[in-house]
Amino acid sequence: MTNTKRMDASGIDVTPEVMKEVWATVVHLCQAYRAEVVSLPVAPALVPAALRSDLSAYDFSLPRAWPEVLTWLDAQIRAHQVHLSHPRYFGLFNPAPAPFSVAADALVAAYNPQLAAWSHSPFAAEVERHLIKEFATRFGFDRESADGTFCSGGAEANHTALLCALTTKYPAFAEEGLRAIPEQPVIYISEDAHHSWVKAARACGLGSSAVRPVALDAQGRLSLDQLAEAIRADRQRGFSPCLVCGTAGTTNAGIIDPLKEVAQICRQEDIWYHVDAAWGGAACVVPEFRAWLQGIEQADSITFDAHKFLSVTMGAGMFFCKRPDALHQTFRITTGYMPRDAAGLDIADPYAHSMQWSRRSIGIKLFLPLAIAGWDGYAVTIRHQTDMGNRLRQLLAESGWRCLNETPLPIVCFVDPENPDPNHAELIAKAVVASGSAWISPTHFGRPCIRACITNFRTRESDLQELVARLNEARDRLGATNG
Ligand SMILES: *Cc1c(COP(=O)(O)O)cnc(C)c1O
């Protein structure tokens, strides 16, 4: 590499001319990835030793030419990741990123807005406030009083909910902590709820045994009878029921808990009601799907992840809270060193209103695709993925697979009804992933099964046919070796 392409004299900086070339290269690499991802194996070989050996060449003792490092990085990322952008990634709720979200992310990186103090990035902070109000209204909260914050993801949003519930329910908690609460607080989640609740309980000092997993009903939903009974038994034993989480779209099987009925129990029992709608909450965007979430408007707080069904680039969690003072009570802090430029204005400083301190703008990478597509544009995408889920159910049934979960959301848990081997689902999933043609996973829904979820707005019927062909092939091959 010639010296003109190298760094100039000022350490990490480059000249505007070089930066222009850098951008051109990055744009080219991103475009090439988008065009070629469909021909790549969906999942990589897992070779930690090789990766570490490659990286050991970088001891950073000498500078390198940027084109060499940039193209090497691109090739490494490309070769060593599960391609969420591949239309046959049928995995966890990880989307192909919306093009305008990628563009917004690049713009945000260039401006690097700091979302700790409102006064450092007033526009970026107000974008987030605006989006929180818009989505809160869609979930049925009152626009005026609704509050919330962007966060890293659903796990942080759930953790935030637990902190708000503890702070609101036990006024001494913020100052004196759990030791000020005479009766041990406990929380209730369905057996199939997200395991971030266990981490949240630990991180809040409650311990994982304060999490009460409530048994499921016949459809795999949180059982109302079991919930009522668990609350009764806990009260009798001197525990303090603090929070109930209803899930709108379980990670495992897309099951929607009876949100309305859980709300009623929480109201009667004076318990904080949280709805974890990390993925399924996207139904609020499509008018005819809104009824799936009925009851969510009665929640005290809601978790939603824009980096799931809304295809925003990673790290886009949202937390909504009906009580306008709860976040303030929970995270209020005063320092001598944080900027006071906005003192007296009607604003909330994010650092005193949420878990994180310094952080990047998260709202802008949701704002750009939403502003361009509009709610209706997003609805088209969500309807399409839901249609693909229904079509996949049909195609699987036609090939003799049995679907186990009942949900309107595009996630299918299925088995080969002819094969009682408890390892069969795992072996099939493994064979399909090894083929490089698709990514699916084994899970458990009443019994071991295979899970396939539509997460990519570019997934078409031909991709579903290809998946089912690979599944059938794996079933035949396994049958042949066993029989
Ligand atoms: C994904 C998920 C979470 C965790 O969210 P992250 O964004 O991974 O932190 C929580 N709850 C549910 C229901 C989820 O699907």
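# A guided tour of the predicted model

Begin by selecting four strands, which form an open sheet in the order S8-S9-S11-S10 with antiparallel pairing; strands, here and below, are DSSP runs of E with at least two residues, helices are runs of H or I with at least four residues, and both are numbered from the N terminus. Strand S8 (402-403) and S10 stand at the edges with a single partner strand each, so one side of each is left without a neighbour in the sheet. Two strands are said to pair if DSSP finds at least two bridges between them. Strands of a sheet pair through backbone hydrogen bonds, either parallel or antiparallel.

Before going further, note that this is a predicted model, in which local features need pLDDT of at least 70 and side-chain atom pairs count only at pLDDT 80 or more, while totals for chains, interfaces and linings use all residues. Residues are numbered from 1 along each chain as its sequence is written, and side-chain values use heavy atoms, with hydrogens and water left out.

## Stop one: strand S11 and its partners

Select residues 448-453, which make up strand S11, and see that the strand is mostly covered, with five of its six residues buried; buried means under 20% relative accessible area, exposed means over 50%, and partly exposed lies in between, with a 1.4 Å probe and protein chains only. Add residues 411-415, strand S9, which pairs with S11 in the antiparallel sense over four bridges. Within this pairing, Phe 414 has Ile 450 of S11 as its bridge partner, and Ile 411 stands opposite Cys 453 in S11.

Now add strand S10, residues 441-444, which also pairs with S11 in the antiparallel sense over four bridges. Here the bridge partner of His 444 is Pro 448 in S11. S10 and S11 form a hairpin with three residues between the strands, and in this hairpin Gly 446 takes a positive phi near 80 degrees.

## Stop two: Pro 442

Stay in strand S10 and select Pro 442, which counts as partly exposed at 38% relative accessibility. Which residues is Pro 442 in contact with, leaving aside its neighbours within four places in sequence? They are Glu 426, Ala 429 and Cys 449, where contact means heavy atoms within 4.5 Å. For a sense of distance, select Ala 283 as well: the C-alpha atoms of Pro 442 and Ala 283 are 26 Å apart in space, and the two residues are 159 residues apart in sequence.

## Stop three: strand S2

Move to residues 185-190, strand S2, where six of the six residues are buried. Both faces of S2 are covered, with Pro 185, Ile 187 and Ile 189 buried on one side and Val 186, Tyr 188 and Ser 190 buried on the other. Select residues 240-247 next to bring in strand S4, which pairs with S2 in the parallel sense over four bridges; the bridge partner of Tyr 188 in S4 is Val 244. Strand S3, residues 211-214, likewise pairs with S2 in the parallel sense over four bridges, and Val 214 in S3 is the residue that Ser 190 stands opposite.

## Stop four: two loop residues

Most residues other than glycine have a negative phi, and most peptide bonds are trans. With that in mind, select Asn 112, which has a positive phi of about 50 degrees although it is not a glycine. Asn 112 is found in the loop between helix H4 (99-111) and helix H5 (122-138), and it is exposed, with a relative accessible area of 57%.

Then select Asp 270, another residue other than glycine with a positive phi, in this case near 55 degrees. Its place is in the loop between helix H10 (259-269) and strand S5 (272-276). Is Asp 270 buried or exposed? With a relative accessible area of 55%, Asp 270 is exposed.

## Last stop: the whole chain

Finally, show the protein chain in full, with its 14 helices and eleven strands. The radius of gyration, taken over C-alpha atoms, is 24 Å, close to the 23 Å that the globule rule (2.2 Å times the number of residues to the power 0.38) gives for 483 residues, so the protein chain is as compact as a globular protein of that length. Taken along the principal axes, the C-alpha atoms fill a box of roughly 75 × 75 × 45 Å. Of the 483 residues, 49% count as buried, and residues 24 or more positions apart account for 74% of the contacts with a separation of 6 or more.
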